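Open the model in your viewer and keep the selection panel at hand. The tour goes from the whole chain to single residues.

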Amino acid sequence: MSLFWRIFLLNAAVLVAAGALLLLGPITISTPVLLTEAMILTGGIAFMLAANAALLRLGLFPLQRVTRAMATTDLLRPSPRPEVAGHGEIAALIETFNTMLDRLEAERATSSARALSAQEAERRRVAQELHDEVGQTLTAVLLELKRVADQAPEPLREELRQVQEITRGSLDEIRRIARRLRPGVLEELGLVSALTALSTETPSPDGLTIRRQMGKDLPELDAEAELVIYRIAQEALTNTVRHAGASRLELSLRRSPCGVELLIRDDGRGLGDAPEGAGLRERALLIGAELFLGPGPQGGTEVRLDVPVRNGSR
């Protein structure tokens with residue numbers, strides 16, 4: 001039955017019941033209307049309106065759940081779908097809404113995967129160019145400076161040595177940036193070694209102590225999950241070093257009941273009014289992981305990523 005006929009029949013039932021009471025009941029209308037008759041009519045009309053409102057609220061209650069779901073749905077935080085309830089058009093509307101959410105989440109996941117894949121490809125390209133072009137050029141400059149310094153008179157030789165050191169420092173920085181753009185150690189030595197190298201090579205301000213705790217019995221993860229864990233840890237470490245003003249940072253990777261848990265916690269100034277990065281949640285959704293980003297139990301910021309073990313992993 002369509003929504004139109006359901007509302008029409010509800011109203012018709014109320015009106016027919018009221019007419020039957022007027023026809024069959026001991027109620028009479030005088031001219032002019034007496035006070036008691038006016039009070040009876042007013043009470044009857046009020047009862048009709050209340051009954052009509054109660055029946056409509058009962059019939060349209062499933063739509064209120066859909067309205068709340070529409071107002072609170074966030075594609076970056078998948079939530080349970082509204083239960084398909086009601087009859088006719090209401091049930092069809094709820095089912096259509098759930099199907100639309102499934103399609104939107106699938107489309108967003110696909111587009112996010114394409115964007116992140118293109119981003120990783122661009123990172124690899126830039127890292128390769130830094131290593132092959134800029135790195136080789138600076139290496140040639142170092143060799144030429146050494147040759148000139150060996151032949152230069154003593155007063156000029158010391159200045160050339162200083163230029164050599166500056167150039168060597170620039171070459172090391174470029175290599176470090178290339179490694180951050182393309183974590184070769186992740187592909188060659190695995191996730192634990194990559195996170196250890198990341199926490200070691202990340203330049204930290206004076207007074208910041210980084211503590212690492214890596215589990216020994218971690219389940220096997222696929223390459224995509226390892227890359228997501230590494231990138232989230234990389235961004236969290238960078239944000240802590242640059243903005244948190246923390247004195248202590250904890251990085252742990254351990255087995256969890258569903259798979260693997262990455263935990264990064266500091267004692268800095270916290271998130272404050274900084275907007276939450278959507279890129280972190282998009283990366284987490286790609287591998288079906290749950291991400292918590294908020295204040296830690298003792299202040300500061302906590303980033304926790306729960307990664308489930310996919311079928312085929314151990």
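Accessible areas here come from the Shrake-Rupley method with a 1.4 Å probe. By that method, the accessible surface of the protein comes to about 19500 Å², and carbon and sulfur atoms hold 59% of that surface. Bear in mind that this is a predicted model.

**The whole protein**

Start with everything selected. The protein has 314 residues, and buried ones make up 31% of them. Switch to a cartoon view. Eight helices and five strands appear. Follow the chain from its start, and the pattern reads α-α-α-α-α-α-β-α-β-β-α-β-β. Among contacts with a separation of 6 or more, 65% join residues 24 or more positions apart.

**The sheet**

Now select the strands. In what order do the five strands lie in the sheet? The order is β1-β2-β3-β5-β4, in an open sheet with mixed pairing. β1 and β4 are the edge strands, each pairing on one side only. From one strand to the next, the twist averages 5 degrees.

Zoom in on β1 (209–214) and β2 (248–255). These two strands pair in the parallel sense, over six bridges. Pick methionine 214 to see one such link: its bridge partner in β2 is leucine 253.

**Helices on the sheet**

Add α6 to the selection. α6 packs on the sheet and touches β1, β2 and β3. The direction of α6 makes about 175 degrees with that of β1. Next add α7. This helix also packs on the sheet, touching β2, β3 and β5. The direction of α7 makes about 5 degrees with that of β3.

Hide the strands and keep the two helices. α6 and α7 pack at an angle of about 15 degrees, and their axes are 10 Å apart. Why does this pair count as roughly parallel? Angles under 35 degrees count as roughly parallel, so α6 is roughly parallel to α7. The crossing of α6 and α7 is right-handed.

Show the side chains between them. From α6, the contact uses Leu191, Ala194, Leu195, Leu198 and Ser199. From α7 come Glu226, Ile229, Tyr230, Ala233, Gln234 and Leu237. An α-helix has 3.6 residues a turn, so residues three or four places apart point the same way.

Stay with α6, residues 191–201. Its buried residues are Leu191, Ala194, Leu195, Ala197, Leu198 and Ser199. What covers them? The cover includes α4 (154–181), α5 (184–189), β1, α7, β2 and β3.

**Strand β5 and its neighbours**

Bring the strands back and select β5, residues 301–308. Is β5 largely enclosed or open? Six of its eight residues are buried, so the rest of the structure largely encloses β5.

Look to one partner, β3 (residues 259–266). β3 and β5 pair in the antiparallel sense over seven bridges. Then look to β4 (residues 290–295), which runs antiparallel to β5 and is joined to it by six bridges.

Click on glutamate 302 in β5. Arginine 265 stands opposite glutamate 302. Glycine 294 also stands opposite glutamate 302.

Move to the hairpin of β4 and β5. Five residues lie between its strands. Pick glycine 299 in this hairpin: its phi is positive, near 90 degrees.

**Three residues to finish**

First, go to asparagine 98 in helix α3 (residues 89–151). Asparagine 98 has a relative accessible area of 9%, so it is buried. Beyond residues up to four places away in sequence, asparagine 98 touches Arg81, Pro82 and Val84.

Step across to arginine 81, in the loop between α2 (35–72) and α3. Its relative accessibility is 26%, so arginine 81 counts as partly exposed. Leaving aside neighbours within four places in sequence, arginine 81 is in contact with Asn98, Leu101, Asp102 and Glu105. Try the distance tool on alanine 69: its C-alpha is 8.0 Å from that of arginine 81, with their positions 12 residues apart in sequence.

Last, select arginine 242 in helix α7. Is arginine 242 buried or exposed? At 64% relative accessibility, arginine 242 counts as exposed. Draw a line from its C-alpha to that of serine 204: the two atoms are separated by 8.4 Å, though the residues are 38 apart along the chain.

Terms used: Residues numbered from 1 in each chain as written. Predicted model: local features only at pLDDT ≥ 70, side-chain atom pairs only at ≥ 80, totals over all residues. Heavy atoms only, no water. Buried < 20%, exposed > 50% of the residue type's maximum accessible area, 1.4 Å probe, protein only. Helix = DSSP H or I, 4+ residues; strand = E, 2+ residues; numbered from the N terminus. Pairing = 2+ DSSP bridges. Contact = heavy atoms within 4.5 Å. Axes fitted to C-alpha atoms, helices over the stretch in contact; angles between N-to-C directions. Parallel < 35°, antiparallel > 145°, perpendicular 65-115°, else oblique. Left-handed = near helix turned anticlockwise from the far one by under 90°.
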